[in-house]
Amino acid sequence: MNFNKIRSMHFPNDVYIGHDAIYNVTDVVRKNLKNGTVLVITGNKTYEIAGKKVLELIADFKYKLLNVRDASIDTLENIKKEIKNCKIGLVVGIGGGSKIDLAKKTAADLDVPFISIPTAPSHDGIASPRASIYDGKSVLSVEAVMPTSIIADTSIMLKAPYRLAVSGASDVIANITAVADWRLAYRVKGEEFSSTAAIISEYTSKELIENSSMIQPGLEESIWLITKEILASGTAMAIAGSSRPASGSEHLFAHALEILGKGSSFHGEQVAMGSLLSMYLQGGDWKLLYSTYKKIGVSTNIYDYGIDKNIAIKALSIAHRLRPERYTILGETDLNESVAEKALKITGII
Ligand SMILES: [Zn+2]
């Protein structure tokens, strides 16, 4: 049989992480802007935290600043209208999550390079090729582009609320259940599998679990550690060419909560709860995950987020239907509502 396997992998060209990394933005823009205008997408708060500084550093280039709000299809349309008469050569996204998503999707639509400048290590989207966009009903994970460059300044990200940082840490810790689901899909469904991507992804989770006592409020090293593992997780996704190494049944549960009612919970917090359920159903050490989340200060109890018990039960019982092509442990389990309730109770989520 002839060998005909082919795969494409897209990695960022330049990654700067650490104290005062922001000062590299001038060189990064110079390197990536062939011609036209730099489109800078940020929000009001993130403008104050980092946007202002970035504009100072790229003052020699022609730029257009857009202060936007939520990552929705409407906002994307507004961005398109605003730049109708500009020739955009590069997009810079500065923010915690939604601004990065909007900038990433805009760059993908314009087919220009994208520079990711996260102001918080709040989820793994700061270094992934996918964007979460609200379509008026629920949040969709859409294909965008891998950032051409990532500038993660730990002194800036330290200023973000600690809750955002540990939310990002949880998103990475949960890679362990995502990989277990991927291995299962490989065995049961013959899904394409990359051992390299799987091992990197598992490693990021284990690093955070083993070093969880280093994750504390006000510590720049904590931000460094979380961001480093988010970047490595992005590498695993780039190798796999999909979000598989970082998104399994725990993300399906998070997605179900997004649809049914997530209360005040952040993405990483939903994923943390999801990973306890996944690990329990996979027969793994969910108690280790539980104690890790507790140690870093992430609640895995729905009542802390104002989520109703019946919503959590429903979320777990419908999660497997949300992305049928993504086979996970939920497809192996006969998850009627009473089984779901039992799993939620045992893991302390309800
Ligand atoms: Zn995630």
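**Figure 1. Contact of helix 7 with helix 11 in the predicted model.** Thr177, Ala180 and Asp181 of helix 7 meet Ser275, Ser278, Met279 and Gln282 of helix 11. By class, this contact has 2 nonpolar, 4 polar and 1 charged residues. The axes of helix 7 and helix 11, the latter formed by residues 267–282, come within 9 Å and cross at roughly 45°. That angle makes helix 7 oblique to helix 11, since values from 35 to 65 degrees are neither roughly parallel nor roughly perpendicular. The crossing of the two helices is left-handed.

**Figure 2. Contact of helix 7 with helix 10.** Helix 7 comprises residues 175–189 and helix 10 residues 249–260; they pack with their axes 7 Å apart, at an angle of about 115°. Helix 7 and helix 10 are therefore roughly perpendicular to each other, a class that runs from 65 to 115 degrees. On the side of helix 7, the residues in contact are Thr177, Ala178 and Asp181. Their partners in helix 10 are Ser249, Glu250 and His251. The residues of this contact divide into 1 nonpolar, 3 polar and 2 charged. Thr177 and Asp181 also appear in the contact of helix 7 with helix 11.

**Figure 3. Contact of helix 10 with helix 11.** From helix 10, the residues that take part are Ser249, Glu250, His251, Phe253, Ala254 and Leu257. In helix 11 they meet His267, Gln270, Val271, Met273, Gly274, Ser275, Leu277 and Ser278. The division by class is 6 nonpolar, 7 polar and 1 charged. The two axes come within 7 Å and cross at roughly 130°; helix 10 and helix 11 are therefore oblique to each other. Their crossing is right-handed, whereas that of helix 7 and helix 11 is left-handed. Ser249, Glu250 and His251 of helix 10 also meet residues of helix 7, and Ser275 and Ser278 of helix 11 likewise meet residues of helix 7.

**Figure 4. Backbone at Asp20.** Asp20 is a residue other than glycine with a positive phi, near 60°. The residue lies in the loop that joins strand 1 (14–18) and helix 1 (25–32). Asp20 has 11 other C-beta atoms within 10 Å and is exposed, the limit for that class being 12 or fewer.

**Figure 5. Backbone at Asp111.** Although Asp111 is not a glycine, its phi is positive, at about 60°. Asp111 is placed in the loop between helix 4 (98–110) and strand 5 (114–118). With 7 other C-beta atoms within 10 Å, Asp111 is exposed.

**Figure 6. The chain as the setting of the close-up views.** The predicted chain contains 14 helices and 8 strands. Its radius of gyration is 20 Å, close to the 20 Å that the globule rule gives for 350 residues, so the chain is as compact as a globular protein of that length. The C-alpha trace spans about 60 × 55 × 40 Å along its principal axes. Of the 350 residues, 54% are buried. Among contacts with a separation of 6 or more, 77% are between residues 24 or more positions apart.

Methods:
Residues are numbered from 1 along each chain as its sequence is written. This is a predicted model: local features need pLDDT of at least 70, side-chain atom pairs count only at pLDDT 80 or more; totals for chains, interfaces and linings use all residues. Helices (H or I, at least four residues) and strands (E, at least two) are DSSP runs, numbered from the N terminus. The radius of gyration is taken over C-alpha atoms; the globule rule is 2.2 Å times the number of residues to the power 0.38. A residue is buried if 20 or more other C-beta atoms lie within 10 Å of its own, exposed if 12 or fewer, and partly exposed in between; C-beta atoms are placed from the backbone. Two residues are in contact if their C-beta atoms, placed from the backbone, lie within 7 Å. Axes are lines fitted to C-alpha atoms, for helices over the stretch in contact, and angles run from 0 to 180 degrees between N-to-C directions. Angles under 35 degrees count as roughly parallel, over 145 as roughly antiparallel, 65 to 115 as roughly perpendicular and the rest as oblique. Ala, Val, Leu, Ile, Met, Phe, Trp, Tyr, Cys and Pro count as nonpolar, Asp, Glu, Lys and Arg as charged, and the others, Gly among them, as polar. A crossing is left-handed if the near helix is turned anticlockwise from the far one by less than a right angle, and right-handed if clockwise.
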